[in-house]
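Here's a quick briefing to keep beside the structure while you scroll through it. Have the viewer open and follow along topic by topic.

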Amino acid sequence: MRLSMAVLYEYFEKRDGEIWGEPEKSLYLKGAVWYRKGGSEKTSDLIYVGYAEDMEGEPEGEFHGICLIGNQVLQKQRRRNWIYLSGNKVLPDVFNEVQNLFFYYQEWEEELHKALMKNAGIRELCALSSGIFDNMIQVYDRNLFLLATANESKGLQEWEYDKTTGKRVLSMEIINDFKLDKQFKETMSTKGPQVYEGSAISGRVLYINFWEEGQYEGRLCISELNRALTKTDEAMAACLAEYIQSALKWQNYFPQQKSRILESLFLKLLDEKIVDENVFIRRLGEYEWERNDAYFCILIKMDERDFEISAGLATCHKLEMQFPFAFAFIYREGILMLVNKTRMDMGIHEFYSSFALFLREGLFKAGISRSSKDFFQIREYYEQGIIALEVGQKTDPMFWYYKFEDYVVPYLLAKGMKGYPARIFCPEGLVRIFAYDEGHHTDLAGTLRVYLECNMNIAHASEKLYIHRSTFLYRIDRIQKISNMDIRNPEIRFWILISYHLLDYENL
């Protein structure tokens, strides 16, 4: 889990009293490293721990640091994105404290993730977070029904039991107070962490609203009862809110929206069933898409653990949140993601970069189709994603995604071989060259390949092989005598080159 300078600042301020620095709230720090003067290039997503005198010469704003400076602070040393610690602290102890702080929140997020993968309810998610906030946690829906609570304390609001739903709900008196409170009504339109201090409740409340396709669906509340709210609480509440909203969505708490209707139409097209064209176009329009928008398909592979309904839906939700111009849903062996290039708000290279990061963080692999301008061709482009994923994982196992156009030739070759050894498809003369190389420890076969790939250009081929022209001509003469092949014949040349590709694929 990534932390912010504000989280680190508050941690040391609580433990060590007065410190120096200006905290930033953005969650971009992924860990701590030792500062080494003159070491490798610094990055902005790490916090560097060291002595102020060693770090003094670094350019302003290059990276984030935690500095030990003894008992005095020099004004010229103070920087906006650094934290200065005074006193007699030992540097290794400070470094361990910082790392342990990252481990602490990382372990909490991992517990939330595990619970979510087991399709746990929001009560368990809140219970796992009780120690993070040390204040009462409440989750309720847009109708003010209490869905879950942790660290519950009397005195904030009185909840009544509703017999028809089996849930607890705020008393009518408190609900009326909310209706009359202008500030509370304004909270119904906010996004992200906010603090409410209105007259309808006693004390301050940190809250985050849940939104589903533009509609308010409820909120998470952290009430300031046991200790004061902090910037750290805001960051962690935002993290918890994402898990709670995913849990609510997976458990079909939110009503089915128009996007799910569009999904059912795509599923029919994929299964080659009849779809009313007018209905389909109208549903696309409701999603602000059009039939002739340019799009491409992405097939994301999931393993058995990911393929649980909750994990699959979670990934779909995250994809659509990160790429609002895409539509993702579970289909057969994985997730099918439709990317609308026409509605894309970023460049294609920027998209691939962000998508690769998403795949890497989730340990996913994906096959990507060519572009199309007709959603009725979705079945063909889904098949392209399957082919790209199948062949790409064999030929380039270290890649995260595979584009169909890069793997068409290997796929066609594999289909043509039908499980037979590649050597049986090679010209007899090429087989003799392979046998000669094996018996004489030469590489005439490699020389022939370079020659043909250079379109029989002697100068280019000899230069590529780093050999003299006369040596190259000698090899070609030996090749012709051994193979007895007419390499001037374009069909023979094509056959030889195809044979090399067949052998390459077989070796993979």
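**Quick briefing**

Asp134, Arg227 and Asp233 are joined up in a network of salt bridges. Keep in mind that this is a predicted model. Below we go through the salt bridges, then a pocket, then two helices and a few backbone oddities.

**Salt bridges**

- The structure has 17 salt bridges.
- Side chains of opposite charge can pair up when their charged atoms come close.
- Back to that network: Asp134 pairs with Arg227, with 3.6 Å between the closest N and O atoms. Asp134 sits in the loop between H5 and strand S6 (136-141), while Arg227 sits in the loop between strand S12 (215-223) and H8, so this pair ties together parts that are 93 residues apart in sequence.
- Asp134 is partly exposed, at 38% relative accessibility, and Arg227 is also partly exposed, at 23%.
- Asp271 makes a salt bridge with Arg332, and here the closest N and O atoms are 3.4 Å apart. This one links distant parts of the chain, 61 residues apart: Asp271 is in the loop between helix H9 (258-270) and helix H10 (277-286), and Arg332 is in the loop between strand S14 (326-331) and strand S15 (334-340).
- Asp271 counts as partly exposed at 31% relative accessibility, and so does Arg332 at 48%.
- What about a pair within one helix? Arg283 and Glu286 both lie in helix H10, three residues apart, or about one turn of the helix. They form a salt bridge whose closest N and O atoms are 3.0 Å apart.
- An α-helix has 3.6 residues a turn, so residues three or four places apart point the same way.
- Arg283 has a relative accessible area of 22%, which makes it partly exposed; Glu286, at 30%, is partly exposed as well.

**The second largest pocket**

- How much space lies in the second largest pocket? About 390 Å³.
- Its lining is made up of 17 residues, and those nearest the centre of the pocket are Tyr11, Lys14, Tyr105, Arg227 and Thr232. You've already met Arg227 as the salt-bridge partner of Asp134.
- Helix H1 (5-16), H3, helix H5 (130-133) and helix H8 (231-250) are the elements that each give two or more residues to this lining.
- Which element gives the most to the lining of this pocket? That's H1, with six residues.
- Sorted by class, the lining of the second largest pocket holds seven charged, six nonpolar and four polar residues.

**Helix H3**

- Helix H3 covers residues 91-117, which is 27 residues. At 1.5 Å a residue, H3 should span 39 Å, and its end C-alpha atoms are indeed 39 Å apart, so the two agree.
- Just past the end of H3, Asn119 has a positive phi of about 60 degrees.

**Helix H15**

- Helix H15 has 13 residues (428-440), so at 1.5 Å a residue it should span 18 Å; its end C-alpha atoms are 19 Å apart, which agrees.
- Which residues of H15 are buried? They are Gly429, Leu430, Ile433, Phe434, Tyr436 and Asp437. Looking down the axis of H15, these buried residues fall within an arc of 160 degrees, so they line one face of the helix.
- Flip to the other side of H15 and you'll find Glu428, Glu438 and Gly439 exposed.

**Backbone oddities**

- Most residues other than glycine have a negative phi.
- His441 isn't a glycine, yet it has a positive phi of about 55 degrees. His441 comes just after H15, in the loop between H15 and helix H16 (444-453).
- Is His441 buried or exposed? It counts as exposed, because its relative accessibility is 75% and the cut-off for exposed is over 50%.
- Met456 isn't a glycine either, and its phi is positive too, at about 60 degrees. You'll find Met456 in the loop between H16 and helix H17 (458-465).
- With a relative accessible area of 24%, Met456 is partly exposed.

Note on methods
Residues numbered from 1 in each chain as written. Predicted model: local features only at pLDDT ≥ 70, side-chain atom pairs only at ≥ 80, totals over all residues. Heavy atoms only, no water. Helix = DSSP H or I, 4+ residues; strand = E, 2+ residues; numbered from the N terminus. Expected span 1.5 Å × (residues − 1). 1 Å grid on protein atoms, 1.4 Å probe; cavity = no way out; pocket = protein on both sides within 12 Å on 5 of 7 lines; lining within 4 Å. Points joined across faces, edges and corners; volume = space filled by probe spheres on them. Nonpolar A, V, L, I, M, F, W, Y, C, P; charged D, E, K, R; others polar. Buried < 20%, exposed > 50% of the residue type's maximum accessible area, 1.4 Å probe, protein only. Arc of directions from axis to C-beta. Salt bridge = Lys/Arg side-chain N within 4 Å of Asp/Glu carboxyl O.
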